[in-house]
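Trainee: I've got the model open and some time to spare. Can we walk through it together?

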Amino acid sequence: MLRGRWVQGVDLVLRGEADTAFCGIRPPGHHAEQNRAMGFCIFNNVAVGAAHALAAGLARVAIVDFDVHHGNGTESVFQDDQRVMLCSTFQHPFYPNTPLNREHKHIIHAPLKAGAYSEAFQQAVQEHWLPALHLFRPQLILVSAGFDAHFDDDMGQLNLLDSDYYWVTREIMKLAEHHARGRVVSTLEGGYQAQALGRSAVQHIRALMRLD
Ligand SMILES: [Zn+2]
């Protein structure tokens, strides 16, 4: 049976055959809605993974998204499904210019102003994502790992560094160890400056592998 590598990654982690997984998939997915491709995205990979995990019997799945762009597609799929918490940081206002959803308690936005640096990003994660995720107690954490918020990436105007991707992934891992038996599955979203993308992905994967 043919099976997408992303769904296979979710299966491997759910079956305990891997602790964590990173899927270097292109095209990205988080702008794609249920019936509409958008912003380089055809299918919403992370949403397919979350739906797959719910179908496998999980009751609570978290998606965290640190791409420079708002994951409008992922939000549109799960805004009426409280089994999936979506936590995101993104440049705002910016593409895709979706109005901020403040109605749903399981949709946690932490918008960042153009020009924001590491400190603002880390503060947003600590103040907005982590308390909500601890209350939610996810059984699995999926990551929309976009690296286009990097200082060197001209796609956006945020100024994250390689080390921020290690830091945020460690925070995600600590939370997963507490609530989700360490289960984290990550998929590539944006990232358009090849060197910064490569270095940042290495930092992300080092943290997923629990390397110091
Ligand atoms: Zn992006």
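Trainee: Which way does helix 5 pass helix 6, in a left-handed or a right-handed crossing?

Mentor: Keep in mind that we're looking at a predicted model. Look at where helix 5 (residues 162-179) runs past helix 6 (residues 194-208). Helix 5 passes helix 6 in a crossing that is right-handed.

Trainee: And which residues of helix 6 make that contact?

Mentor: Start from the helix 5 side, where D162, S163, Y165, Y166, T169, R170 and M173 take part. By class the contact is a mix, with 5 nonpolar, 5 polar and 4 charged residues. On the helix 6 side, the residues are R199, S200, Q203, H204, R206, A207 and L208.

Trainee: Are helix 5 and helix 6 roughly parallel or roughly antiparallel?

Mentor: Their axes are 8 Å apart, and the packing angle is about 25°. Angles under 35 degrees count as roughly parallel. Helix 5 and helix 6 are therefore roughly parallel.

Trainee: Helix 4 packs on helix 5 too. What is the class make-up of that contact?

Mentor: These two pack at about 10°, with axes 11 Å apart, and are therefore roughly parallel to each other. Helix 4 brings S118, F121, Q122, V125, L130 and L133, while helix 5 brings D164, W167, V168, E171 and L175. Sorted by class, that gives 7 nonpolar, 2 polar and 2 charged.

Trainee: F121 shows up there. Is F121 buried or exposed?

Mentor: F121 sits in helix 4 (residues 118-136). Leaving out residues up to four places away in sequence, F121 touches T89, L112, A116, L160 and D164. The cut-off for burial is 20 or more other C-beta atoms within 10 Å. F121 has 22 C-beta neighbours inside 10 Å, so F121 counts as buried.

Trainee: What about F78, buried or exposed?

Mentor: F78 lies in helix 3, and its contacts beyond four places in sequence are A47, V84 and L86. The C-alpha atoms of F78 and A51 are separated by 9.5 Å, with their positions 27 residues apart along the chain. Because F78 has 24 C-beta neighbours inside 10 Å, F78 counts as buried.

Trainee: Back to the front of the chain. How many charged residues are in the contact of helix 1 with helix 2?

Mentor: Helix 1 passes helix 2 in a right-handed crossing, and their axes cross at roughly 40° and come within 9 Å. From helix 1 you have W6, V7, V10 and L14, meeting N45, V48, G49, H52 and A53 in helix 2. The split is 6 nonpolar and 3 polar, and the number of charged residues is none.

Trainee: Which elements do the buried residues of helix 2 pack against?

Mentor: The buried residues of helix 2 (residues 45-55) are N45, V46, A47, G49, A50 and A53. They pack against helix 1 (5-14), strand 2 (61-65), helix 3 (72-78), strand 3 (84-91), strand 5 (140-145) and strand 6 (184-188).

Trainee: Any odd backbone spots? Which peptide bonds are cis?

Mentor: Most peptide bonds are trans, so cis ones deserve a look. P93 and P96 both lie in the loop between strand 3 and strand 4 (107-112). Omega is about 0° for one bond and near 5° for the other. The bonds are H92 to P93 and Y95 to P96.

Trainee: What is the phi of R137?

Mentor: R137 is in the loop between helix 4 and strand 5. With 14 C-beta neighbours inside 10 Å, R137 counts as partly exposed. Its phi is positive although R137 is not a glycine, with a value near 55°.

Trainee: And F40, what is its phi?

Mentor: F40 lies in the loop between strand 1 (20-23) and helix 2. F40 is partly exposed, with 16 other C-beta atoms within 10 Å. F40 isn't a glycine, yet its phi is positive, at about 70°.

Trainee: Last one: what is the radius of gyration of the protein chain?

Mentor: The chain has 6 helices and 6 strands, and 47% of its 212 residues count as buried. The C-alpha atoms fill a box of roughly 40 × 40 × 35 Å along the principal axes. A compact globule with 212 residues would come near 17 Å, and the chain agrees with that at 15 Å.

Note on methods. Residues numbered from 1 in each chain as written. Predicted model: local features only at pLDDT ≥ 70, side-chain atom pairs only at ≥ 80, totals over all residues. Axes fitted to C-alpha atoms, helices over the stretch in contact; angles between N-to-C directions. Helix = DSSP H or I, 4+ residues; strand = E, 2+ residues; numbered from the N terminus. Parallel < 35°, antiparallel > 145°, perpendicular 65-115°, else oblique. Left-handed = near helix turned anticlockwise from the far one by under 90°. Contact = placed C-beta atoms within 7 Å. Nonpolar A, V, L, I, M, F, W, Y, C, P; charged D, E, K, R; others polar. Rg over C-alpha atoms; globule rule 2.2 N^0.38 Å. Buried ≥ 20, exposed ≤ 12 C-beta atoms within 10 Å, placed from the backbone.
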